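The following exercises concern the cysteines, the aromatic contacts and the pockets of one protein model. Each task is followed by a worked solution.

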Amino acid sequence: MYPKLFVNLKAIGENYLKIKKECETSRIELIPVVKVVKGDENIVRTLFSLGTNVIADSRIKNIFNYKDINVKKFLLRSPSFSEIDSAVELTDYSLETEMVTIEKIASSCRKTGKKHGVIVMVEVGELREGLMPEDVVPFVRKITSFSNIEFLGLGTNTTCFSGIIPDYKNLKVLYDLKLKIEEEGIKVKTLSGGGTNLLRMIWDKKIPDFINQIRVGEGIFLGVDAIKREPLPGLRQDTFRLDAELIEVKKKPSLPWGEKTKDAFEEEVEFKDEGMMIRGIASIGRQDIILSGIKGNENIKIIGASSDHMVLNLNKLPSLKVGDIISFRLNYAGVLSSFTSPYVEKIYIEE
């Protein structure tokens with residue numbers, strides 16, 4: 001049944017190995033991030049077979065998918081209070097910014113006899129998660145008072161929320177804090193500088209030498225950097241393909257008629273008069289994929305979509321008929337939404 005998402009495990013694996021090799025030349029640890037693929041077990045097993053010993057994710061429910069795979073689990077989002085026991089049970093370390101959360105993690109660890117590693121996130125301008133730099137040293141000092149919490153280092157995030165580009169200046173905030181913390185006799189093992197947004201710097205040999213860890217999802221899964229979304233040398237972009245079936249093909253006007261209101265998503269929709277056109281409907285909609293997640297196709301123009309119908313301009317492909325399959329490439333948002341939808345069947349290939 002359609003729609004189907006074809007997942008090219010070989011291409012994903014090749015991207016992982018290439019990025020890992022580039023990171024190793026700069027003495028950087030590569031942490032694969034699988035949140036965009038909903039913690040897919042088949043993909044995690046592929047990465048595990050290629051040598052990764054750590055997998056990162058932001059959702060506990062995703063980690064359940066691969067809890068039996070013998071890799072360390074890295075939680076990229078501070079757990080909510082209701083998740084803390086599961087986080088301690090399933091994960092080895094996490095990114096943290098709130099002392100009350102760390103206290104609860106420590107309490108859960110005491111009940112189970114486990115130890116949990118923590119990387120403290122630092123705000124450098126993105127304004128997502130992170131402590132302000134001036135608050136970091138006393139925060140870390142307090143963490144070291146917990147016998148079952150291991151302070152691993154510092155991290156930061158840019159680009160994902162506000163679109164701030166990582167550079168030497170904002171990354172150096174981590175290094176300056178490392179020096180201050182180590183003046184107090186506290187070891188800082190890890191400076192986790194970001195993710196796919198750092199790959200261009202790594203490829204160009206411009207990554208600051210104090211960064212020793214990156215957390216990468218988009219680069220592995222789409223073969224691009226996260227600044228300009230341009231392909232990186234040696235990486236593959238044929239990692240995912242979304243197929244949908246045509247359920248209607250008819251010649252119709254390009255402009256609707258009648259009194260107008262907002263659409264089902266309370267959006268004002270405007271249409272351009274292009275005369276009569278061959279309009280197709282594919283059996284896929286917003287319940288399956290975010291429209292901005294579909295990469296442009298020179299032969300098929302997406303006019304719009306409701307929950308379950310995608311309306312297309314097929315003028316350039318007049319031979320298409322009902323029952324034919326059309327294919328799309330996806331960007332990060334497209335992979336994320338199609339993996340999340342239970343209506344999109346996942347097909348795994350090796351090519």
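**Exercise 1. Determine how many disulfides the structure holds, and establish the state of C23.**

Solution. The structure is a predicted model, and it holds zero disulfides. For C23, the nearest cysteine sulfur is that of C160, 16 Å away. A disulfide requires two cysteine sulfur atoms within 2.5 Å. C23 is accordingly in no disulfide.

**Exercise 2. Classify C23 and C109 as buried or exposed.**

Solution. The class buried applies under 20% relative accessible area. C23 has a relative accessible area of 0% and is therefore buried. C109, at 1% relative accessibility, also counts as buried.

**Exercise 3. Count the aromatic pairs, then classify the pair of F240 and F339 and state which elements it ties together.**

Solution. The count comes to five aromatic pairs. In the pair of F240 and F339, the ring centres are 6.0 Å apart and the planes stand at 90°, so the geometry is edge-to-face. Next, F240 is located in strand β10 (residues 240-253) and F339 in helix α10 (residues 332-340), so the pair ties together parts that are 99 residues apart in sequence. Both F240 and F339 are buried. Elsewhere, ring pairs link Y168, Y175 and F210 into a cluster.

**Exercise 4. Identify the rings over which K4 and K104 lie.**

Solution. The charged end of K4 sits over the ring of Y2, at 4.6 Å from its centre. K104 lies over the face of F81, 4.9 Å from the ring centre.

**Exercise 5. Describe the largest pocket by volume, lining and composition.**

Solution. The volume of the largest pocket is about 930 Å³. Its lining is formed by 35 residues, of which K35, S58, R128, C160 and Y332 are the closest to the centre. Two or more lining residues come from each of α3 (60-65), β5 (93-96), β9 (213-216) and α10. The largest share, three residues, is that of α10. By type, the lining of the largest pocket divides into eleven nonpolar, 13 polar and eleven charged residues.

**Exercise 6. Repeat the description for the second largest pocket.**

Solution. The second largest pocket contains about 500 Å³ of space. Among its 24 lining residues, V269, F271, R279, I303 and V311 are the closest to the centre. At least two lining residues are supplied by each of β10, β11 (276-282) and β12 (301-305), and β12 gives the largest share, three residues. The lining of this pocket comprises twelve nonpolar, five polar and seven charged residues.

Notes. Residues numbered from 1 in each chain as written. Predicted model: local features only at pLDDT ≥ 70, side-chain atom pairs only at ≥ 80, totals over all residues. Heavy atoms only, no water. Buried < 20%, exposed > 50% of the residue type's maximum accessible area, 1.4 Å probe, protein only. Phe/Tyr/Trp six-rings, centres within 6.5 Å; stacked < 30°, edge-to-face > 60°. Helix = DSSP H or I, 4+ residues; strand = E, 2+ residues; numbered from the N terminus. Lys NZ or Arg CZ within 6 Å of the ring centre and 35° of its normal. 1 Å grid on protein atoms, 1.4 Å probe; cavity = no way out; pocket = protein on both sides within 12 Å on 5 of 7 lines; lining within 4 Å. Points joined across faces, edges and corners; volume = space filled by probe spheres on them. Nonpolar A, V, L, I, M, F, W, Y, C, P; charged D, E, K, R; others polar.
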